[in-house]
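Good morning, colleagues. I would like to take a few minutes to go through one structure with you, beginning with its helices and then turning to its strands and aromatic rings.

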Amino acid sequence: MDDDIDRALDAVGPRLRALRRQRETTLAELSATTGISVSTLSRLESGTRRPNLELLLPLARAHGVTLDELVGAPPTGDPRIHLRPVSRHGMDMVPLTRRAGGIQAYKLVIPAGSRRRVPDPKTHEGYEWLYILNGRLRLVLGEKDLVLSPGEAAEFDTRVPHWFGAADTEPVEFLSLFGTQGERAHLRARPGARAAL
């Protein structure tokens, strides 16, 4: 598994160079578009710097490709479906479901260095469930001001005023399940074997 990841990451540099040359873009122009320094872009393309999500997200956006295409990830699920990230409210959102109605699933990424915004809680119909993958998420929910870390989850009625953003300047990745009709997430677990006393 680690060899597969290393091979995929090693192939990113040549893909980045090919995409940039295809679009006849200079490193300086790409730097201006992405906010990534020319030297970092050069090291990424040459393979002397390992790519990370913080660098790959703006590069994928600038080149108009998905992260999967950028890293050469194998197709998963139905090969005819290509999920495309959307940027809204300072976040990159990847819809994980494509059907109307019911619970909708998203992966959200708040990029590193996002300015800490002043919370502006909103309300709307529905119910939301969040699960933090990486980073720390600040959740303002009614009178509560919480910070969630990786592995933590929150579940709330979206008619309660709520807002979320990065708790610090590090990137935050989290999953969101949202039901417009107020559907709640139901977790089921098999009873485990009791430990011998």
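Let me begin with a helix pair: helices H2 and H5 cross in a left-handed sense. Please keep in mind throughout that this is a predicted model. H2 covers residues 12-22 and H5 covers residues 53-63; the two pack at an angle of about 30°, and 11 Å separates their axes. How are H2 and H5 oriented to each other? The angle is under 35 degrees, and H2 and H5 are therefore roughly parallel. On the H2 side, the residues that take part are Val 12, Leu 16, Leu 19 and Arg 20, and they meet Leu 56, Leu 59 and His 63 of H5.

I will stay with H5 for a moment. Its buried residues are Leu 55, Leu 56, Leu 57, Pro 58, Leu 59, Ala 60 and His 63. What do these buried residues pack against? Their partners are H2, helix H3 (27-34), helix H4 (38-46), helix H6 (67-71), strand S2 (91-95) and strand S3 (103-110). Both ends of H5 also deserve a remark. At its start, a side-chain oxygen of Asn 52 comes to within 3.1 Å of the backbone nitrogen of Glu 54. After H5 comes Gly 64, with a positive phi, near 70°.

For the wider setting, the protein chain contains six helices and nine strands. Of its 197 residues, 32% are buried. Taking contacts between residues at least 6 apart in sequence, 60% join residues at least 24 apart.

I now turn to two glutamates in strands. Glu 128 sits in strand S4, residues 127-134. Is Glu 128 buried or exposed? Its relative accessibility is 7%, so Glu 128 counts as buried, the cut-off being under 20%. The side chain of Glu 128 makes a polar contact of 2.7 Å with the side chain of Ser 176. Beyond its neighbours within four places in sequence, Glu 128 is in contact with several residues, among them Ala 154, Phe 156, His 162, Phe 164 and Phe 178.

The second is Glu 173, in strand S9. Glu 173 is also buried, with a relative accessible area of 13%. Setting aside residues up to four places away in sequence, Glu 173 touches Leu 53, Lys 107, Leu 108, Val 109, Ile 132, Leu 133 and Asn 134.

Finally, the aromatic rings. How many aromatic pairs are there? The count is two. In one of them, the ring centres of Trp 129 and Tyr 131 lie 6.1 Å apart with their planes at 10°, so this pair is stacked. Trp 129 is buried at a relative accessible area of 17%, whereas Tyr 131, at 28%, is partly exposed. Phe 164 and Phe 174 form another pair, with ring centres 5.4 Å apart and planes at 85°, so the arrangement is edge-to-face. This pair links distant parts of the chain, with Phe 164 in strand S8 (residues 162-166) and Phe 174 in strand S9 (residues 172-179), ten residues apart. Phe 164 is buried, at 14% relative accessible area, and Phe 174 is buried at 0%. Phe 164 also appears among the contacts of Glu 128 that I listed earlier.

Thank you for your attention.

Terms used: Residues are numbered from 1 along each chain as its sequence is written. This is a predicted model: local features need pLDDT of at least 70, side-chain atom pairs count only at pLDDT 80 or more; totals for chains, interfaces and linings use all residues. Side-chain values use heavy atoms; hydrogens and water are left out. Helices (H or I, at least four residues) and strands (E, at least two) are DSSP runs, numbered from the N terminus. Buried means under 20% relative accessible area, exposed over 50%, partly exposed in between (1.4 Å probe, protein chains only). A polar contact is a pair of N or O atoms within 3.5 Å; within protein, one must be able to donate a hydrogen and the other to accept it, and residues adjacent in sequence count only if both atoms are side-chain atoms. Contact means heavy atoms within 4.5 Å. Rings of Phe, Tyr and Trp (its six-membered ring) pair if their centres lie within 6.5 Å; planes under 30 degrees apart count as stacked, over 60 as edge-to-face and the rest as tilted. Axes are lines fitted to C-alpha atoms, for helices over the stretch in contact, and angles run from 0 to 180 degrees between N-to-C directions. Angles under 35 degrees count as roughly parallel, over 145 as roughly antiparallel, 65 to 115 as roughly perpendicular and the rest as oblique. A crossing is left-handed if the near helix is turned anticlockwise from the far one by less than a right angle, and right-handed if clockwise.
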